[in-house]
Amino acid sequence: MADAHYVLGVDLGGTKILAAVVSQSGEIKGRAKKKTKPERPADEILGRIAACCREAVEAAQLSWAEIEAVGIGSPGPLDPVKGTVIDTPNINLANAPITGFLSQELGIPVYIDNDVNVGTFGEYVYGAGKGRKHVIGIFMGTGIGGGLIVDGKLLHGFSYNAGELGHIKLVVNGRKCGCGQRGCLEAYASKTAMIRSLQRSIKKGKATILTKLIGNDWSKLTSSVFSQAVEAKDKLVLREIKTAARYTGIAVGSLINILSPEMVIIGGGLMGNLSDLILPIIQDYAKQNCFPIMYEGVEIVPAQLGDDAGILGAAAIAWDKVQAAV
Ligand SMILES: [Zn+2]
């Protein structure tokens, strides 16, 4: 294995599997993509992941002797001892032996972590957080996910599932959250929460350009539609985005008090082209909600890796494990 200079990074999502062969410096040598077909039996989905890995190695024109390990970013929560995903509402892989199956199939070690930890670690190694040691990643999308890098290492905690930043409680007896509790950040700042709130306002007769842009089909509400609505100065949409940013900022303030990061990276689909609008609000509210001495020097910045965050982060996880094993 001494001459193996590459790893595979796999981004496992509900609709597609992305795999890439990545050098230690983060150069992508070859990639492949397959549909996940998440409703199929688990062994079939695992077979698709393996096939996607093989295609990426082929695309890179490398041999398997040159690939050292595989890193996978998957929706969580995970059981690291078994190398399984405990529960995936969107992919039929609950308790399937993901790392066991794939390491046997591909003949090299396979490591797995949850997709937001992977995204944060990728930004830390190859993106906005390069060269830092204490980094928080927050991803604003359908839900709100987060990853914590403390002293250069991902914080996993006792259960291995640390970093559920979307479920910081901000409001006592507040809005209902997808996790079954109330008042979580995710119930105010996720796309799902924003859609619910927008729907309530429309029901009350409030006007918004969204009815023209997407009609009644909320699946069409992409980040570019959000941008169009913001450009048109749509009051309702602006109010929702500002609310999301405000609550995120308050949560970031608490996180700064607890973890004293040097950088907070904000990513996810909601940020899209709206970071100029969202970031200053997060910065402002974070500053108001933590000790001034702890805010000093903290950078709150947008994520940099975009669509490649998943594969690069998964590759970074694999490289980290490979080096730890040396
Ligand atoms: Zn929650």
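This is a dialogue in which a learner asks how to read the features of one structure and a modeller answers.

Colleague: Before we begin, what kind of model is this?

Modeller: This is a predicted model, and we can take its helices one after another before turning to single residues and loops.

Colleague: Let us start with helix H9, then; how far apart should the ends of H9 be, and what is the distance between its end C-alpha atoms?

Modeller: Helix H9 runs over residues 275–288, and at 1.5 Å a residue its 14 residues should span 20 Å, which agrees with the 20 Å between its end C-alpha atoms.

Colleague: Which residues of H9 are buried, and where on the helix do they fall?

Modeller: The general idea is that an α-helix has 3.6 residues a turn, so residues three or four places apart point the same way. In H9 the buried residues are Ile-278, Ile-282, Gln-283 and Ala-286. Viewed down the axis of H9, these buried residues fall within an arc of 130 degrees, so they line one face of the helix. The exposed residues Asp-276 and Gln-288 sit on the face of H9 turned away from that buried side.

Colleague: What covers the buried residues of H9?

Modeller: The cover includes helix H8 (235–259) and helix H10 (292–295), together with strand S11 (263–267) and strand S12 (299–302).

Colleague: Can we read helix H5 in the same manner, and which of its residues are buried?

Modeller: We can begin again with length: the 13 residues of H5, residues 191–203, should span 18 Å at 1.5 Å a residue, and the end C-alpha atoms are indeed 18 Å apart. Lys-191, Ala-193, Met-194 and Leu-198 are the buried residues of H5. Around the axis they cover an arc of only 155 degrees, which puts them on the same side of H5. On the face turned away from this buried side, H5 carries the exposed residues Arg-200 and Lys-203, while the cover over its buried residues includes helix H4 (186–189), helix H6 (210–214) and H8. Just after H5 comes Gly-205, which takes a positive phi of about 95 degrees.

Colleague: How many residues of H11 are buried?

Modeller: H11 is mostly covered, with 12 of its 17 residues buried, among them Ile-311, Leu-312, Trp-319 and Asp-320. The buried residues of H11 pack against strands S1 (6–12), S2 (16–23), S4, S7 (110–114) and S11, and also against helix H3.

Colleague: How should I describe the packing of H3 against H11, and at what angle do they pack?

Modeller: Two packed helices are described by the angle between their axes and the distance between the axes. Here H3 (residues 115–126) and H11 (residues 309–325) pack at an angle of about 80 degrees, and their axes are 7 Å apart. An angle from 65 to 115 degrees counts as roughly perpendicular, so H3 is roughly perpendicular to H11. The residues making the contact include Val-118, Phe-121 and Tyr-126 of H3, and Leu-312, Ala-316 and Ile-317 of H11. By class, this contact has 9 nonpolar, 4 polar and 2 charged residues.

Colleague: Turning to single residues, is Ile-256 buried or exposed?

Modeller: The step of reasoning here is a count, and a residue is buried if 20 or more other C-beta atoms lie within 10 Å of its own. Ile-256, which is found in helix H8, has 21 C-beta neighbours inside 10 Å and therefore counts as buried. Leaving aside residues up to four places away in sequence, Ile-256 touches Pro-261, Ala-286, Cys-290, Met-294, Tyr-295 and Val-298.

Colleague: Where does Asp-151 lie, and what is the value of its phi?

Modeller: Asp-151 lies in the loop between strand S9 (144–150) and strand S10 (153–154). Its phi is near 55 degrees, a positive value in a residue other than glycine, and Asp-151 counts as exposed because it has 7 C-beta neighbours inside 10 Å. Lys-233 has a phi near 55 degrees, also positive in a residue other than glycine, and Lys-233 belongs to the loop between helix H7 (223–231) and H8. With 9 other C-beta atoms within 10 Å, Lys-233 is exposed.

Colleague: Which peptide bond is cis, and where is its proline found?

Modeller: The peptide bond from Gly-76 to Pro-77 is cis, with omega near -5 degrees, and Pro-77 is found in the loop between strand S4 (67–74) and strand S5 (78–79).

Technical notes:
Residues are numbered from 1 along each chain as its sequence is written. This is a predicted model: local features need pLDDT of at least 70, side-chain atom pairs count only at pLDDT 80 or more; totals for chains, interfaces and linings use all residues. Helices (H or I, at least four residues) and strands (E, at least two) are DSSP runs, numbered from the N terminus. The expected span of a helix is 1.5 Å times one less than its number of residues. The arc is that of the directions from the helix axis to the C-beta atoms. Two residues are in contact if their C-beta atoms, placed from the backbone, lie within 7 Å. Axes are lines fitted to C-alpha atoms, for helices over the stretch in contact, and angles run from 0 to 180 degrees between N-to-C directions. Angles under 35 degrees count as roughly parallel, over 145 as roughly antiparallel, 65 to 115 as roughly perpendicular and the rest as oblique. Ala, Val, Leu, Ile, Met, Phe, Trp, Tyr, Cys and Pro count as nonpolar, Asp, Glu, Lys and Arg as charged, and the others, Gly among them, as polar.
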